[in-house]
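The following exercises concern the geometry of a single protein chain. Each task is followed by a solution that proceeds step by step.

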Amino acid sequence: MFPAALRSHPRFPARLVALVALLGAPFASCQCDEDFGVARLPGTVRARLCHPVSGQPAPGQTLEVEAKGNTLSATSDANGKAELANVPAGEITLRVIHRVDGAAPQTDRQESMTLSDGQTVELLDGACIDFPLAPGKGGIQGQVCNRHTGRLLGGAAMVVTSNAGEEHRTTTDQGGYFALDEVSEGDHLLTVTGDGFQRSYPVHVEAGEVTRLELGGNCRPFDPSNTGVVEGRLCATNGTGPWALALATIRLNDGSTLQDLTDVEGHFLIEGVPPGEHTLEVRGGGESMTLQATVTSGQTTLLQPQAECPVPPRETTGDVRGQLCDPLVGGWLVGATARTVQDGREYLDHTDEAGRFHLAGLQPGNIHIDVDKGELHRDFDVPIMAGQTVTVADGVCVPPTGECRDEQLQITDAAPLRVLLVVDKSGSMADDLGTMTRWDAAVDALREVTTRLDQDAAFGLVLFPAGNPFLGCDSPSPPSGCPRCEAGIVAVEPAVGNAALISEALASTGPGGGTPIGPTMSLVRDWLVLNPSDTTTLVLLATDGAPNCNASLDPSACNCPDTPGGCWETAELCLDDGGTISAISDVAGQGVRTYVVGLPGITDTDEFTVQELDNVLKSMATAGGTNAGNGTPYYHPENAQELTQDMTDIVLHNRACRFVIEDAPNDPALVEVTLDGVVVQRDPARRAGWDLVGERGVELYGAPCEELQRGTEHDVVVHYCVD
């Protein structure tokens with residue numbers, strides 16, 4: 001049931017166990033089998049559990065075993081270890097329950113097996129990216145997303161076949177994780193087969209190392225009618241055939257990414273892409289490529305033609321592999337172009353961070369290779385022989401020249417977050433909370449948050465409904481321009497340093513009118529389309545009631561406050577839950593999350609029951625792709641102080657972890673990043689570590705970013721050298 005991840009260790013030889021049972025010797029740990037009346041020796045289940053984001057051993061994860069109708073559980077310690085002893089022998093069910101900060105527990109693995117007498121089972125958590133390996137063996141680990149549905153692929157068959165025909169098998173758990181830890185070194189083919197999904201990938205395994213495949217692709221469900229598809233098939237420019245194991249990435253406005261890994265045919269497919277203009281970055285094997293995609297809902301954008309990428313025959317062609325130093329600045333020659341032309345075909349590769357390049361599929365004979373980077377030019381004459389690899393290497397490089405520096409940064413130095421504050425100013429906001437009105441509580445909190453975080457976020461303000469409540473709107477014949485049911489307006493465009501402007505906009509208005517959340521969120525969606533940004537963007541929606549103001553609803557059949565027969569007076573009094581949830585989903589389709597905050601006093605409603613209101617706000621937050629934790633998707637502060645804290649936490653916990661350093665490093669391989677004095681590993685897959693973004697950007701991902709977001713007292717140091 002757990003191939004290559006379970007190992008059995010019988011505590012006693014079978015004969016000895018039988019002898020103890022026959023003699024009837026007292027043994028406190030034995031059990032009596034209900035059917036046969038024989039004594040059975042209980043077993044032990046052990047596990048090494050990891051954080052599902054960082055992949056490192058973590059405390060607070062849960063190992064659960066169900067046996068004989070009882071459930072046993074153990075929580076992992078600081079080293080990720082959990083153990084359950086005295087587990088009844090027989091049929092058992094094992095579960096791994098992961099916990100991520102602020103999210104509900106997630107059962108990522110559930111498997112059944114037969115526990116033999118005295119057996120000890122060791123479970124390898126598929127979420128771990130650093131696990132023990134048998135001597136002389138390597139490992140393969142990853143997480144698989146069904147790219148056709150945007151959901152993690154559980155129960156998929158994973159078959160690894162070596163060139164010699166050796167097979168290893170396992171299945172993905174409910175979280176899409178898999179891990180194999182006894183794989184022989186060498187080249188293998190990994191085939192993934194699941195419900196409506198099958199792909200194959202070439203995998204190279206080194207003894208003592210774990211090969212990680214980034215097949216999760218920041219998995220998230222999508223609506224195919226509101227999103228599009230980006231597809232392509234890529235050939236390697238160095239002549240090796242299809243460009244396999246390249247990571248194709250689209251970064252959305254909220255900072256999240258959509259990804260796919262090219263398979264053995266060089267094919268990638270990214271579904272669930274919001275409509276609009278997107279940049280696709282492809283990286284792998286020292287090569288990189290940037291493509292532009294215009295995405296339309298319900299359609300497929302083909303970026304590269306379906307080209308044939310023939311694999312060169314090894315018996316009739318040869319290879320050149322090189323590793324070069326940079327004679328100008330020292331260190332490895334990084335990012336240089338290695339090029340040769342043979343029979344009218346150009347073969348091209350770029351040196352990676354260790355100065356390596358590879359040209360393949362070359363016909364026997366003498367070739368000339370040019371290596372260029374800026375003003376640097378080197379060339380080599382190389383004899384090619386069929387079936388052989390020629391190596392061009394410089395050996396040990398002198399250290400790089402130039403100035404090296406340590407740049408010290410904090411989260412306050414990171415790229416600012418863009419926040420649209422969408423604030424309810426309907427008539428019920430004038431209701432009294434005891435010492436102040438709901439509106440006053442909201443205004444005080446907004447002023448404090450924007451003032452405190454004035455340089456950390458680019459705040460914008462959207463107020464709904466539109467209209468000026470100070471026009472004599474309480475008169476029997478209110479003038480035009482009074483708040484009613486119109487969608488809100490963007491009162492302040494997002495920018496850093498907007499606290500004073502937002503305070504003035506709040507002071508110039510007040511409560512009045514209905515609660516047109518749906519039309520206002522549609523306005524927000526349109527604004528986002530017209531104002532795209534690479535900056536992480538989020539919406540903070542603060543409201544004191546359920547949405548209404550949808551004139552298209554049937555007043556005789558809709559859900560209406562205090563009138564079981566319907567809103568015979570006007571459709572604008574109907575509950576507009578469907579329209580509002582749809583509008584928030586459209587905003588999510590732009591890659592922007594919406595946080596929902598129920599303002600203090602929200603349960604004192606005379607419109608809908610508390611349960612109705614609670615259900616609507618939960619659905620709104622879920623549509624926005626957010627969760628407040630503590631068992632509810634939306635925030636529900638009880639007073640102005642809690643409101644201030646909740647809004648502050650939302651902003652601080654979403655700050656980007658991207659920094660711009662002063663100069664471009666002359667050798668990316670020598671860049672070192674530390675967080676609070678601890679070295680953070682570079683992770684080109686951008687899952688749990690750091691990576692370079694552009695020429696001067698350094699961004700942290702996964703657990704390091706989460707740690708950085710927890711407060712302002714963390715130090716990031718980037719060590720790099722410049723020419």
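Helices (H or I, at least four residues) and strands (E, at least two) are DSSP runs, numbered from the N terminus. The model is a predicted one, in which local features need pLDDT of at least 70 and side-chain atom pairs count only at pLDDT 80 or more, whereas totals for chains, interfaces and linings use all residues. Residues are numbered from 1 along each chain as its sequence is written, and side-chain values use heavy atoms, with hydrogens and water left out.

**Exercise 1. Backbone exceptions**

Task: Determine which residues a cis peptide bond joins, and state where proline 465 is found.

Solution. Step one: the cis bond links phenylalanine 464 to proline 465, with omega at about 0°. Step two: proline 465 belongs to the loop between β34 (457-464) and β35 (489-496). Step three: a second exception is asparagine 86, whose phi is positive, about 55°, although this residue is not a glycine. Asparagine 86 is placed in strand β6. As background, most residues other than glycine have a negative phi, and most peptide bonds are trans.

**Exercise 2. Confidence**

Task: State what average pLDDT the chain has.

Solution. Step one: pLDDT is the predictor's confidence in each residue, from 0 to 100. Step two: the chain average is 83, and 90% of the residues score at least 70. Step three: over residues 1-37 the pLDDT is below 50; this stretch has 60 contacts in the model (heavy atoms within 4.5 Å) beyond near neighbours in sequence.

**Exercise 3. Two open sheets**

Task: Give the strand order of the open sheet that contains β3, then that of the sheet that contains β42.

Solution. Step one: two strands pair if DSSP finds at least two bridges between them. Step two: the order β6-β3-β9 describes an open sheet of 3 strands with mixed pairing. Its edge strands, each pairing on one side only, are β6 (81-87) and β9 (120-124). From one strand to the next the twist averages 15°. Within this sheet, β3 (residues 43-48) and β6 run antiparallel and are joined by 5 bridges; arginine 46 stands opposite glutamate 83 in β6.

Step three: the other sheet, also open, has 3 strands in the order β38-β42-β41, with antiparallel pairing. Here β38 (658-660) and β41 (689-693) are the edge strands, each paired on one side only. The twist averages 20° from one strand to the next. Over 3 bridges, β38 pairs with β42 (residues 697-701) in the antiparallel sense, and arginine 658 has glutamate 699 of β42 as its bridge partner.

**Exercise 4. A hairpin**

Task: Identify how many bridges join β4 to β5, and which residue of the hairpin takes a positive phi.

Solution. Step one: the antiparallel strands β4 (residues 62-67) and β5 (residues 70-75) are joined by 6 bridges. Step two: valine 65 stands opposite leucine 72 in β5. Step three: the hairpin has 2 residues between the strands, and lysine 68 takes a positive phi near 55°.

**Exercise 5. Helix packing**

Task: Decide whether α2 and α3 are roughly parallel or antiparallel to each other.

Solution. Step one: axes are lines fitted to C-alpha atoms, for helices over the stretch in contact, and angles run from 0 to 180 degrees between N-to-C directions. Step two: α2 (residues 438-452) and α3 (residues 499-507) pack at about 170°, their axes 9 Å apart. Step three: angles over 145 degrees count as roughly antiparallel and those under 35 as roughly parallel, with 65 to 115 roughly perpendicular and the rest oblique; therefore α2 and α3 are roughly antiparallel. Step four: the contact residues include Trp439, Val443 and Leu446 of α2 and Ile502 and Leu506 of α3.
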